[in-house]
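Thanks for asking me to look this one over. My notes follow as numbered points, best read with the structure open beside you.

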2 protein chains.
Amino acid sequence: MNFERRNTGSKRASATLLSRAERLCRDKNLRFTPMRRRVLAELAASPEPLTAYDLADRVREEKRVAPVTVYRALEFLLDAKLIHRIVIRNAYTPCDHAPHHDATPVFLVCTHCGTVEEIPSETFQHDLSGTIAEVGFRPKSRVFEIEGECARCAKRQPASAI
Amino acid sequence: MNFERRNTGSKRASATLLSRAERLCRDKNLRFTPMRRRVLAELAASPEPLTAYDLADRVREEKRVAPVTVYRALEFLLDAKLIHRIVIRNAYTPCDHAPHHDATPVFLVCTHCGTVEEIPSETFQHDLSGTIAEVGFRPKSRVFEIEGECARCAKRQPASAI
DNA sequence: CGATAGAATGATATAACATAACAGTCAACG
DNA sequence: CGTTGACTGTTATGTTATATCATTCTATCG
Ligand SMILES: [Zn+2]
Ligand SMILES: [Zn+2]
Ligand SMILES: [Zn+2]
Ligand SMILES: [Zn+2]
């Protein structure tokens, strides 16, 4: 993999996400504890999604933590819609969209640099819902994830030499 | 189309799938070994997707096998497009569609009875591809999975009492 | 037929991801 | 204060997947 040109992970993005989290927790009377903040900060600072064990390793550099502690923080952040789980990676990534859209986004996961792009899916989801209603299925949660090559990586090696 | 009467583990469905596998392997000069046949038969006979360890347990009733052996059979069957992996379940299910369609199907996974329904997604995928091209992403593989209540289960307990 | 090369499987170990169970800590509130 | 509920610590275990190397099978060729 080539991680030279990482996007995100900037101080700007981290600060934005952290202050958003603070506001949200104040408003909803949730507790934005040091552990939760720390986990969210690590995710916001990473150019690619991190697994729970990745996070445990990073937090451990400062303070001993067991994986289960990280999983609890992740659960909180997922419930608060501050992060998403990337199922095909067993990993977690901060949410890119400030007030979160209603429809489940589509995640584009780059096999080359590992970055994840989150794109809204209102229209597709609407179209799909017709077909799904036809077969009588009542959806509760969705996973739309696509693996491939992101624009930046495609540009750098155009022929996509596997 | 009517998807209600899906693979419920009937001998009919199993036989169909197994003979399809045999034909396909003969045509492509692949080896449809006893282990691969056995794993496919177990999947075809199950009303819901099975994990590799589920499969190992079932095969073990007749003959001792290690999980890795099952994983190898699954890999073969996945490559041959005879089965699919249901990512949100870490489980495997036979493919319902005889000559497999080109687009990645959408899988509807029932949280109540565990069954999986495979539906084509040509239009959905087509719509998505426009947006994805806009951001310069080159897709290689896709996961579209929706969790919810299937028609049969919705019928049995209409109010969907959680 | 017997040698042999490649594919498949066996066997063991370990990695990677996730949860259970219970004890201790801390903050809020009356 | 003392109680209560939320959070975290600690240990153990469950679940899913892969690495590595030895052995067996199968097709092919001399
Ligand atoms: Zn989001
Ligand atoms: Zn990339
Ligand atoms: Zn299929
Ligand atoms: Zn059902």
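**Notes on the protein–DNA model**

1. Let's begin at DNA strand D. At least two residues of the surface near this strand come from each of three helices: α2 (34–45) and α4 of chain A, and α4 of chain B. Please keep in mind throughout that this is a predicted model. The largest share of that surface comes from α4(A), with 3 residues.

2. Which residues come nearest to DNA strand D? Among the 18 residues around the strand, they are T33(A), K63(A), R72(A), Y53(B) and R85(B). On the DNA side, sugar and phosphate make up 57% of the atoms of strand D that come within 4 Å of the protein. Sorted by class, the surface near strand D has 7 nonpolar, 4 polar and 7 charged residues.

3. A few polar contacts to DNA strand D deserve a look on screen. The side chain of R36(A) places an N or O atom 3.2 Å from a phosphate oxygen of strand D. T69(A) has a polar side-chain atom 3.4 Å from a phosphate oxygen of this strand. Chain B provides a contact to a base: an N or O atom in the side chain of Y53(B) is 2.8 Å from a base nitrogen of strand D.

4. Now turn to DNA strand C. Here 18 residues surround the strand, and Y53(A), R85(A), T33(B), K63(B) and R72(B) come nearest. Sugar and phosphate account for 55% of the strand C atoms that come within 4 Å of the protein. The surface near strand C consists of 7 nonpolar, 4 polar and 7 charged residues. Helix α4 (67–79) of chain A, along with α2 (34–45) and α4 (67–79) of chain B, each give at least two residues to that surface.

5. Where does the protein touch the phosphates of DNA strand C? In chain A, an N or O atom in the side chain of R85(A) sits 2.5 Å from a phosphate oxygen. The side chain of Y71(A) also has an N or O atom 3.0 Å from a phosphate oxygen of strand C. From chain B, a polar side-chain atom of R36(B) lies 3.2 Å from a phosphate oxygen of the strand.

6. Helix α2(B) is worth a paragraph of its own. This helix has 12 residues and spans 16 Å from its first C-alpha to its last, close to the 16 Å expected at 1.5 Å a residue. The buried residues of α2(B) are M35(B), R38(B), V39(B), L40(B), E42(B), L43(B) and A44(B).

7. In helix α4 of chain B you will find T69(B). Is this residue buried, partly exposed or exposed? T69(B) counts as partly exposed because its relative accessibility is 22%, and the buried class ends under 20%. The C-alpha atoms of T69(B) and A52(B) are 9.4 Å apart, with the two residues 17 positions from each other along the chain.

8. Both chains contribute to an open sheet of 6 strands. The order is β4(A)-β3(A)-β5(A)-β5(B)-β3(B)-β4(B), and the pairing is mixed. β4 (116–119) of chain A and β4 (116–119) of chain B stand at the edges with a single partner strand each, so one side of each has no neighbour in the sheet. From one strand to the next, the twist averages 20°.

9. Within that sheet, one pair is easy to trace in chain A. Strands β3 (residues 106–110) and β5 (residues 138–149) of chain A run parallel and pair over 4 bridges. C110(A) has G148(A) in β5(A) as its bridge partner.

10. Each chain also has a β1–β2 hairpin to check. In chain A, β1 (residues 83–86) pairs antiparallel with β2 (residues 91–94) over 4 bridges, and H84(A) is bridged to T93(A) in β2(A). With 4 residues between its strands, this hairpin includes N90(A), which takes a positive phi near 50°. In chain B, 4 bridges join the antiparallel strands β1 (residues 83–86) and β2 (residues 91–94), and H84(B) stands opposite T93(B). The chain B hairpin has 4 residues between the strands, and N90(B) takes a positive phi near 50°.

11. Finally, an overview of chain A. The chain has 6 helices and 5 strands, and from the N terminus on they run α-α-α-α-β-β-β-β-α-β-α. Its C-alpha atoms fill a box of roughly 50 × 45 × 30 Å along the principal axes. Of its 162 residues, 44% count as buried.

Key
Residues numbered from 1 in each chain as written. Chains lettered and ligands numbered in written order. Predicted model: local features only at pLDDT ≥ 70, side-chain atom pairs only at ≥ 80, totals over all residues. Heavy atoms only, no water. Near = heavy atom within 4 Å. Polar contact = N/O pair within 3.5 Å; in protein donor to acceptor, adjacent residues only side chain to side chain. Nonpolar A, V, L, I, M, F, W, Y, C, P; charged D, E, K, R; others polar. Expected span 1.5 Å × (residues − 1). Buried < 20%, exposed > 50% of the residue type's maximum accessible area, 1.4 Å probe, protein only. Pairing = 2+ DSSP bridges. Axes fitted to C-alpha atoms, helices over the stretch in contact; angles between N-to-C directions.
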